[in-house]
Amino acid sequence: MTTTDDGPTTFEVTDLPTDPGPRRPATELPQLSNTPGAPDEVRVRLGVGRNHILSLAGAAAGGLAMGLLLTVALGLIPLGWLFIVSYLWFLLLYTALIHLRQPAPAVRNGLLTVLLSSAGAAVAGTLGLVVMFTFARGQEALFHLNFFTTDMTGAGPLSGLDQGGVLHALVGTLEQIGIALAITIPLGMTTAVFLNEVGGRLARIVRTVVEAMTALPSVVAGLFIYAAVVMAITHQTNGFAASLAITVLMLPIMIRSADVVLRLVPGNLREAGLALGAGQWRVVWHIVLPTVRSGLTTGVILATAHGIGETAPVLLTSGFTGVMNANPFSGPQTPLPLAALDYVRSPVPEMVARGFATAAFLLFVVLVLFIIARIIGGQDAGKQTQGQARRAAAKSRRDLPRIERNHAQLLASLGAAPSDNMQEKP
């Protein structure tokens, strides 16, 4: 090592061995030379494991046994509490069994899964029980053809089920719902378009009012129409007043559902239409509304299903009659919900059977409407079915000659001859 005043310290290495001696053999990894084999197959099973199934079965049996012991055998708890007591013991035993072999997070997950599944099963079971009970009580009247083809003209309270029907109530319901839809659809659609396409301070106020109206009690709507229309204008109950009461209940549902689906339209579709030179309302009519056609149809069906089963508003506005009245602007006109309510309140078994049959028919109509809404609403916004795609392609082919003529006229007006490529049809 040498040190200078002007430069840094330098090192000199001398006497390096010229022969490093024998080298050590390189490290060998025999596994690297082997070709990797196929990974072991691992079977993944989705769903609930066998331990959970056995725990569910054991907890259910133990819970039922404890419920029977406390209610039937010992009599410590009234028999009406059998289901609740058994369910509570079931939850306790299931949690204990899962805790024996699973950690705390798995126990909480299993308990919440059981609670949510039980809630869904309770709702479905209650609805199924109501439907089956209604059909069972009204099956005697449903199996008679005259129930759908005649009214109650000439049929008294003591008449058999082979006389009389609900044709007058069916006609009344169809006319009242038709009038309500004729008012609700254009008003609801335009309001939803205003909320999404125009906006502003007034839109926030309208949206708040619509949200508040969705929780409006049905009897309040009936009282409002009764005071504003029946007592002030018509001075009699009729089908048109009932239609207005149903409209008050259907309108907020229509606006909310249309508002929600219109928000799903991507903003770039509107921007593309505006960039091509179309006006705002032409973009709304030709782009925005066709994109969410299925969602708007679903909203119409849901509002119809909600309005067709209302009883409180029509009870105050439509009046009751047992004969046919096809004029909704004159005289009482009975709908199906009001007919079912009046028949069920009768002490005669035949009339009670007619009431339950009417309710069962009304449930069937509402169920069909909800199924249609579910099928139509399952289509994504902007996604076309095969039939819609074929119709759109056919319309495009029909519009092609008109587009080419317009383009040729535009080029002629600009003093340029149309090119051969533009005149050539694909």
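Trp281, Arg282 and Trp285 are exposed on one side of helix α11. This is a predicted model. The buried residues of α11 are Val283, Val284, Val288 and Thr291. Seen down the helix axis, these buried residues fall within an arc of 95 degrees, so they line one face of α11. The exposed residues Trp281, Arg282 and Trp285 sit on the other side. What covers the buried face? The cover includes α6, α9, α10 and α12. In residue numbers, α9 is 239-263, α10 is 267-275 and α12 is 293-308.

The length of α11 can be checked too. The helix runs over residues 280-291, which makes twelve residues. At 1.5 Å a residue they should span 16 Å, and the end C-alpha atoms are 15 Å apart, so the two values agree.

Turn next to α6, one of the helices that cover α11. Helix α6 covers residues 167-198 and has 32 residues. From first C-alpha to last, α6 reaches 45 Å. The expected value at 1.5 Å a residue is 46 Å, close to that reach. Where does α6 kink? The kink lies at threonine 184 and comes to about 25 degrees. Proline 186 follows shortly after that point. Just past the end of α6, glycine 199 takes a positive phi of about 70 degrees.

Helix α9 also belongs to the cover of α11. Arginine 263 lies in α9. Is arginine 263 buried or exposed? Its relative accessibility is 52%, so arginine 263 counts as exposed; the cut-off for that class is over 50%. Apart from neighbours within four places in sequence, arginine 263 is in contact with Asn196 and Arg207. Arginine 263 and valine 292 are 29 residues apart along the chain, and their C-alpha atoms are separated by 9.6 Å.

The loop between α8 (218-234) and α9 holds histidine 235. Phi of histidine 235 is near 60 degrees. That is a positive value in a residue other than glycine. At 60% relative accessibility, histidine 235 counts as exposed.

Now the aromatic rings. A search of the whole structure finds seven aromatic pairs. Phenylalanine 83 and tyrosine 87 form one of them, and this pair is stacked. The ring centres are 6.4 Å apart, with 15 degrees between the planes. Both residues lie in helix α3 (residues 82-101). They are four residues apart, about one turn of the helix. Phenylalanine 83 counts as exposed, because its relative accessibility is 65%. Tyrosine 87, at 24%, counts as partly exposed. Another pair joins phenylalanine 147 and phenylalanine 148. What is its geometry? The pair is edge-to-face, at 5.1 Å centre to centre and 90 degrees between the planes. Phenylalanine 147 is buried, with a relative accessible area of 2%. Phenylalanine 148 is partly exposed, with a relative accessible area of 28%.

The stacked pair also belongs to a cluster. Phe83, Tyr87, Phe90 and Tyr94 form one aromatic cluster. Tyr94 leads on to serine 55, which touches Tyr94, Leu97 and Ile98, not counting residues up to four places away in sequence. Serine 55 has its place in helix α2 (residues 50-73). Its relative accessible area is 10%, so serine 55 is buried; the cut-off is under 20%.

Leucine 362 offers a further buried site. This residue lies in helix α15 (residues 349-377). Its relative accessible area is 11%, so leucine 362 counts as buried. Which residues does leucine 362 contact? Leaving aside neighbours within four places in sequence, they are Ile308, Gly309, Leu336 and Pro337. The C-alpha atoms of leucine 362 and proline 337 are separated by 7.5 Å, with their positions 25 residues apart along the chain.

Last comes the whole chain. How many helices and strands does the protein chain have? There are 17 helices and zero strands. Of the 426 residues, 31% are buried. Consider the contacts between residues at least 6 apart in sequence: 65% of these join residues at least 24 apart. The accessible surface comes to about 27300 Å². Carbon and sulfur atoms account for 65% of that surface.

Key:
Residues are numbered from 1 along each chain as its sequence is written. This is a predicted model: local features need pLDDT of at least 70, side-chain atom pairs count only at pLDDT 80 or more; totals for chains, interfaces and linings use all residues. Side-chain values use heavy atoms; hydrogens and water are left out. Helices (H or I, at least four residues) and strands (E, at least two) are DSSP runs, numbered from the N terminus. The expected span of a helix is 1.5 Å times one less than its number of residues. The bend at a residue is the angle between axes fitted to the seven residues ending there and the seven starting there. Buried means under 20% relative accessible area, exposed over 50%, partly exposed in between (1.4 Å probe, protein chains only). The arc is that of the directions from the helix axis to the C-beta atoms. Contact means heavy atoms within 4.5 Å. Rings of Phe, Tyr and Trp (its six-membered ring) pair if their centres lie within 6.5 Å; planes under 30 degrees apart count as stacked, over 60 as edge-to-face and the rest as tilted. Accessible areas come from the Shrake-Rupley method with a 1.4 Å probe; for residues, only the protein chains shown count as cover.
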